[in-house]
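Open the model in your viewer and keep the sequence panel beside it. The stops below can be taken in order.

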Amino acid sequence: METLLTPEELEIALRSIGAERYHNRHPFHGLLHGGKLNKGQVQAWALNRFYYQSRIPMKDATILARTEDPDLRLIWRQRIIDHDGNEGEDGGIARWLKLTDALGLDRNYVLSGDGLLPATRFAVDAYLHFVRDRSLLEAIASSLTELFAPAIISDRVAGMLANYDFVSPTALAYFEKRLHQAPRDANFALDYVKREARRPDQQHAVLQALRFKCDVLWSQLDALHHAYVAPGNIPPGAFDPVRLSAMDR
Ligand SMILES: O=C(O)c1cc(C(=O)O)c2c(n1)C(=O)C(=O)c1cc(C(=O)O)[nH]c1-2
């Protein structure tokens, strides 16, 4: 029999999952933030990560569609606005495309998803399916990786600006916004799961949802590391910085 945790104990357990498994610990992030990647490798990261960004509002629309609670929808819909923007106002997706523009990637190529690594698509789609198929509580809990995002975003911006001459503060504008948005969103989701996970099996499911989401993030970086850091592993059809610049010549 599992024991029932207090809400505070549940929060401690969630935070310890982040401390152990969040993608800030992935070696690819060490290379990215430490200035150890070349431009083609940074392009590959931005291109693949765009797919994650593009699916986030679809994921949040799924959560909206699944809840009967208008108060929850009212709060949650802000996430879609943050990513898609509003009339006359850019959102996160447009800001991410400014980053891929600044890195010299063709917009239509980025939008097409043609150069994605297979594992990026599988991992991100698994997140969408999880949010569609599991309980609403698990769907909300799976967003809780955002609790740990501000620290990695600060490290990333400082590291990339210090280490890459092809990265400017305007190119990284996406992250500046997330520094305010992520804690607001994560704190709301954390309060929600602390309030709604009232049985041991629900608490277990919440913890598993966060582990699952850490795996979604981790496996995207595994794929980048495998394909672009070790030579010779780029899958057929995926973005190849060397081939692309040879075609420019
Ligand atoms: O830069 C990052 O490391 C990072 C991580 C995460 C995350 O932890 O899932 C998100 C984001 N960024 C992000 O920008 C974002 O919009 C976002 C939405 C979500 C989500 O699951 O709803 N996670 C994240």
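The tour goes from the whole chain to the helix pairs, then to single residues and the ligand.

**Before you start**

Residue numbers start from 1 along each chain, as its sequence is written. The model is predicted, so some limits apply: local features need pLDDT of at least 70, side-chain atom pairs count only at pLDDT 80 or more, and totals for chains, interfaces and linings use all residues.

**Stop 1: the whole protein chain**

Show the protein chain as a cartoon and colour it by secondary structure. The chain has 12 helices and zero strands. Helices (H or I, at least four residues) and strands (E, at least two) are DSSP runs, numbered from the N terminus. The radius of gyration is 19 Å, close to the 18 Å that the globule rule gives for 249 residues, so the chain is as compact as a globular protein of that length. That radius is taken over C-alpha atoms, and the globule rule is 2.2 Å times the number of residues to the power 0.38.

Along the principal axes, the C-alpha atoms fill a box of roughly 65 × 40 × 35 Å. Of the 249 residues, 34% are buried. A residue is buried if 20 or more other C-beta atoms lie within 10 Å of its own, exposed if 12 or fewer, and partly exposed in between, with C-beta atoms placed from the backbone. Among contacts between residues at least 6 apart in sequence, 79% join residues at least 24 apart. Two residues are in contact if their C-beta atoms, placed from the backbone, lie within 7 Å.

**Stop 2: helix 3 and helix 7**

Select residues 39-66, which form helix 3, then add helix 7, residues 118-133. Their axes come within 10 Å and cross at roughly 10 degrees. That makes helix 3 roughly parallel to helix 7. Axes are lines fitted to C-alpha atoms, for helices over the stretch in contact, and angles run from 0 to 180 degrees between N-to-C directions. Angles under 35 degrees count as roughly parallel, over 145 as roughly antiparallel, 65 to 115 as roughly perpendicular and the rest as oblique.

Show side chains for the contact. Helix 3 contributes N48, Y51, Y52, R55, M58, K59, T62 and I63, while helix 7 contributes T120, R121, V124, Y127, L128, V131 and R132. By class, this contact has eight nonpolar, three polar and four charged residues. Ala, Val, Leu, Ile, Met, Phe, Trp, Tyr, Cys and Pro count as nonpolar, Asp, Glu, Lys and Arg as charged, and the others, Gly among them, as polar.

**Stop 3: helix 3 and helix 5**

Keep helix 3 and swap in helix 5, residues 92-102. The two pack at an angle of about 175 degrees, with their axes 10 Å apart. Helix 3 and helix 5 are therefore roughly antiparallel to each other. From helix 3, A46, L47, F50, Q53 and S54 meet G92, I93, W96, L99 and T100 of helix 5. This contact divides into six nonpolar, four polar and no charged residues.

**Stop 4: two residues of helix 3**

Pick V42, also in helix 3. Is V42 buried or exposed? V42 is buried, because 21 other C-beta atoms lie within 10 Å. Not counting residues up to four places away in sequence, V42 touches L32, L37, L103 and Y164. Draw a distance from V42 to L4: they are 38 residues apart along the chain, and their C-alpha atoms are separated by 44 Å.

Now go to L64, in the same helix, helix 3. L64 is partly exposed, with 15 other C-beta atoms within 10 Å. Leaving aside neighbours within four places in sequence, L64 is in contact with R73, W76 and R77.

**Stop 5: Q202 and R25**

Select Q202 in helix 11, residues 200-229. Q202 counts as partly exposed, with 18 C-beta neighbours inside 10 Å. Beyond its neighbours within four places in sequence, Q202 is in contact with L137 and A197.

Next find R25, in the loop between helix 1 (7-21) and helix 2 (27-33). R25 is partly exposed, with 15 other C-beta atoms within 10 Å. R25 and I152 are 127 residues apart along the chain, and their C-alpha atoms are separated by 9.5 Å.

**Stop 6: the ligand**

Centre on the ligand and show the residues around it: I56, G92, S143, T145, E146, A149, I152, I153, R178 and L217. A residue is near a molecule if its C-beta atom, placed from the backbone, lies within 6 Å of it. Which helix gives the largest share of the shell? Helix 9 (residues 149-163) does, with three residues. The shell divides into five nonpolar, three polar and two charged residues.
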